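Where does this protein leave empty space, and what fills part of it? The paragraphs below go through the open space, the ligand and the enclosed space in turn.

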Amino acid sequence: MIVAAQGPVAVLIGPPGSGKTTVGRALSGLLGRSFRDTDSDVEAEAGKSVSDIFVDDGEPHFRDLERDAVTTALALHDGVLALGGGAVMDPRTQEALEAYGRAGGTVVFLDVSLAVAAPRVGLNQARPLLLGNPRARWQALMEQRRPTYERLATVHVVSDDRPAQMVAQEIARTLPTYVPKESRA
Ligand code: S3P
């Protein structure tokens, strides 16, 4: 079994509303590792919210910051890493995730249905790409991105409306280095 020599213990990808942050935090807790997400890294670097970056500087600028955030986190973070929903569409990010996966890293596609994701994202005005008609926008983005999520993932987990803890446990069991609590010495 190959185990990634360095980098995150797992990288979560998937659309807005799939629970990357909630599940990612639960997984971090299970593994006793820290959690990091690229949206927060971008916000810290820019000194403003993702929404404000979209409005003030435009999406291309956001994507540049996001690509840098992903590259840095893949190199430096050794805990659980969640990527913003659109990060995987960048070709260089795709190459980096493919290399990470080939080296034994775990890329988890957190899959979710529109019915479950819509109420989560529809009320959240912090997602600039979904403004207007969140359900239709989400569906269009998911159709466009699903093949990429599936191609890059080494593990595919349906999160839907299951408790984050349960989803996190399912992911943990796929990790090469995970030892369940009941089996720990
Ligand atoms: C985006 C998803 C957001 C954030 C930005 C763009 C997208 O992250 O990066 O608003 O393109 O789907 P979440 O997936 O955490 O909502």
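**Pocket, ligand and cavity**

The largest pocket has a volume of about 670 Å³. The model is a predicted one, and the values given here are computed from its atoms. In the lining of this pocket there are 40 residues, and those nearest its centre are Pro16, Lys20, Asp39, Gly85 and Arg127. By class, the lining of the largest pocket is made up of 15 nonpolar, 14 polar and 11 charged residues.

Several helices take part in this lining. At least two residues each come from helix H1 (20-31), helix H2 (38-46), helix H3 (50-57), H4, helix H7 (134-152) and helix H8 (164-174). Helix H4 spans residues 59-76, and H4 comes up again below for both the ligand and the cavity.

The largest pocket is where the ligand sits. Around the ligand there are 14 residues, the closest being Lys20, Asp39, Arg63, Arg127 and Arg145. The element that gives the most to this shell is H4, with 3 residues. Sorted by class, the shell around the ligand has 5 nonpolar, 3 polar and 6 charged residues.

Which atoms of Lys20, Gly85 and Arg127 approach the ligand? For Lys20, a polar side-chain atom lies 2.8 Å from an oxygen atom of the ligand. Gly85 contributes through its backbone: an N or O atom there lies 2.8 Å from a ligand oxygen atom. In Arg127 the side chain is again involved, with an N or O atom 2.7 Å from an oxygen atom of the ligand. The ligand taken alone exposes 380 Å², and the protein buries 93% of that area.

The enclosed space is a separate matter. Rolling a probe the size of a water molecule over the atoms shows where empty space is left. How many cavities of 30 Å³ or more are there? The count comes to 1 cavity, and the volume of the largest cavity is about 40 Å³.

The largest cavity is lined by Arg63, Glu66, Arg67, Gly86, Ala87, Asp90 and Thr93. Helix H4 (residues 59-76) provides the largest share of this lining, 3 residues. By class, the cavity lining has 1 nonpolar, 2 polar and 4 charged residues. Arg63 belongs to the lining of the largest cavity and is also among the residues closest to the ligand.

Notes
Residues are numbered from 1 along each chain as its sequence is written. This is a predicted model: local features need pLDDT of at least 70, side-chain atom pairs count only at pLDDT 80 or more; totals for chains, interfaces and linings use all residues. Side-chain values use heavy atoms; hydrogens and water are left out. On a 1 Å grid over the protein atoms alone, a cavity is a set of points where a 1.4 Å probe fits but cannot get out, and a pocket is an open set with protein on both sides within 12 Å along at least five of seven lines; lining residues have an atom within 4 Å of a point. Grid points are joined across faces, edges and corners, and a volume is the space filled by probe spheres set on the points. Helices (H or I, at least four residues) and strands (E, at least two) are DSSP runs, numbered from the N terminus. Ala, Val, Leu, Ile, Met, Phe, Trp, Tyr, Cys and Pro count as nonpolar, Asp, Glu, Lys and Arg as charged, and the others, Gly among them, as polar. A residue is near a molecule or strand if one of its heavy atoms lies within 4 Å of it. A polar contact is a pair of N or O atoms within 3.5 Å; within protein, one must be able to donate a hydrogen and the other to accept it, and residues adjacent in sequence count only if both atoms are side-chain atoms. Accessible areas come from the Shrake-Rupley method with a 1.4 Å probe; for residues, only the protein chains shown count as cover. A molecule sits in a cavity or pocket if more than half of its atoms lie within 2 Å of its grid points.
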